[in-house]
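Hello,

Here is the structure I promised to pass on to you. Have a look at it first, and then read my notes below.

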Amino acid sequence: MKNDIPKNLQSILNRIEIACENAGRSRKEVRLLLATKTVSAENIKMALAAGETLIGENKIQEIKEKYEDLKSVRHEQHFIGHLQTNKVKELLRYDVACIQSLDRLRLAKKLQNRLEYENKTIDAYLQFNTSYEESKFGMNPENAVNFALDVQQFNRINIKGLMTIGLFSAEDEKVRKCFKLLKNIQTQLLDKGISAHELSMGMSSDLEVAIQEGATIVRVGTAIFGKREHPDSYYWNETN
Ligand SMILES: *Cc1c(COP(=O)(O)O)cnc(C)c1O
């Protein structure tokens, strides 16, 4: 369905624009991140050719496979998947501008050590499990302030924002609760002087609610690239 990509992309851009209007926000406040897990480099390039610049992968293996093909096309790569501590070194080999899924102190420590060794820095979003589902990764919201203060001690990691995956539910109000919670965590962190200005929340099915609740980045895959072969739990599982 590769010929649908430009058309699908346009309809997502329209949805974002309308959602911004309805929320009384400027369109410029919201960026689109293309969630490209399982999408071929060729199809990603089609979306980049249409003017998009921000992409996110869930697995290092996929970043690696597409790296050469995408190198020549201007884009910014974020990591949005579960990052195992033993993969930190490998991740830093690719031009990943930001890790949106920083969800535990042990990972932050590992990152700090490796970044120090390589004399690099990286942007990061702290990921929170706002739906409290066991299947989802993310720091417990109750620990938000302590976790953020701990991460802030690591001078190689620049906290830029927060990320969450909302509850999978057809009921907007339940999903909204998750996004409101992330916004609430942001307020707490800003109070402590932690500059977590970005809010990465909202996907194909719930981006309107996320924009209403203050999202600055929405992450969209299916609605642009089509259905994936496996359910998301498959891609979000630690062992896959
Ligand atoms: C796959 C994925 C998305 C996009 O989900 P869609 O429902 O396909 O739009 C967003 N965020 C993360 C972390 C993902 O893994």
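**The lysine in the loop**

At a relative accessibility of 5%, lysine 37 counts as buried, because the cut-off for that class is under 20%. Please keep in mind that this is a predicted model. I start with this residue since UniProt, in an unreviewed entry, places the feature "modified residue: N6-(pyridoxal phosphate)lysine" at Lys37. Lysine 37 sits in the loop that runs between strand S1 (31-35) and helix H2 (41-49).

Its two sequence neighbours are worth a look as well. Threonine 36 belongs to the loop between S1 and H2, and with a relative accessible area of 0% this threonine is buried. If you set aside the residues within four places in sequence, threonine 36 is in contact with Ile44, Ile55, Gly56, Glu57, Glu62, Lys66 and Phe225.

Threonine 38 also has its place in the loop between S1 and H2, but its relative accessible area is 42%, so threonine 38 is partly exposed. Its backbone caught my eye too: threonine 38 is not a glycine, yet its phi is positive, at about 70 degrees. For background, most residues other than glycine have a negative phi.

**The chain as a whole**

Now step back for the wider view. The chain has ten helices and eight strands. Its C-alpha trace spans about 45 × 40 × 30 Å along the principal axes. How does the radius of gyration agree with that of a compact globule? For 240 residues such a globule would have a value near 18 Å, and the chain has 17 Å, so the two agree.

Of the 240 residues in the chain, 52% are buried. Among contacts with a separation of 6 or more, 59% are between residues 24 or more positions apart. The chain exposes about 11,700 Å², and carbon and sulfur atoms supply 45% of that area.

There is one more annotation to mention here. An unreviewed UniProt entry gives "domain: Alanine racemase N-terminal" for residues 29-227. Over residues 29-227 the chain is 39% helix and 21% strand, and the C-alpha atoms at the two ends of this stretch are 28 Å apart.

**Two helices with a buried face**

Helix H1 covers residues 5-23, which makes 19 residues. From its first C-alpha to its last, H1 reaches 27 Å, close to the 27 Å expected at 1.5 Å a residue. Which residues of H1 are buried? They are Ile5, Asn8, Leu9, Ile12, Leu13, Ile16, Ala19 and Cys20. Viewed down the axis of H1, these buried residues fall within an arc of 140 degrees, so they line one face of the helix. On the other side of H1, Lys7, Glu21 and Asn22 are exposed.

What covers the buried residues of H1? The cover includes S1 and H2, together with helix H8 (207-212), strand S8 (217-220) and helix H9 (222-225). Those are S1 and H2 again, the two elements that have lysine 37 in the loop between them. Just after H1 comes glycine 24, with a positive phi of about 65 degrees.

Helix H6 (residues 144-152) can be read in a similar way. In H6, the residues Ala144, Val145, Phe147, Ala148 and Val151 are buried. They cover an arc of only 165 degrees around the axis, which puts them on the same side of H6. The buried residues of H6 pack against strand S4 (96-102), H5, S5, strand S6 (157-164) and helix H7 (172-191).

**Two more residues to visit**

Asparagine 119 lies in the loop between helix H5 (105-118) and strand S5 (122-128). Is asparagine 119 buried or exposed? With 62% relative accessibility, asparagine 119 counts as exposed, because the cut-off for that class is over 50%. Although asparagine 119 is not a glycine, its phi is positive, at about 50 degrees.

Alanine 210 lies in helix H8 and, with a relative accessible area of 0%, is buried. Not counting residues up to four places away in sequence, alanine 210 touches Phe179, Met201, Gly202 and Ala215. Take the pair with phenylalanine 179: these two residues are 31 apart along the chain, while 6.2 Å separates their C-alpha atoms.

Enjoy looking around, and write back with any questions.

Best wishes

Technical notes: Residues numbered from 1 in each chain as written. Predicted model: local features only at pLDDT ≥ 70, side-chain atom pairs only at ≥ 80, totals over all residues. Heavy atoms only, no water. UniProt positions renumbered as here; feature names shortened; annotations may be inferred. Helix = DSSP H or I, 4+ residues; strand = E, 2+ residues; numbered from the N terminus. Buried < 20%, exposed > 50% of the residue type's maximum accessible area, 1.4 Å probe, protein only. Contact = heavy atoms within 4.5 Å. Expected span 1.5 Å × (residues − 1). Arc of directions from axis to C-beta. Rg over C-alpha atoms; globule rule 2.2 N^0.38 Å. Areas by Shrake-Rupley, 256 points an atom, 1.4 Å probe, with all protein chains shown as cover.
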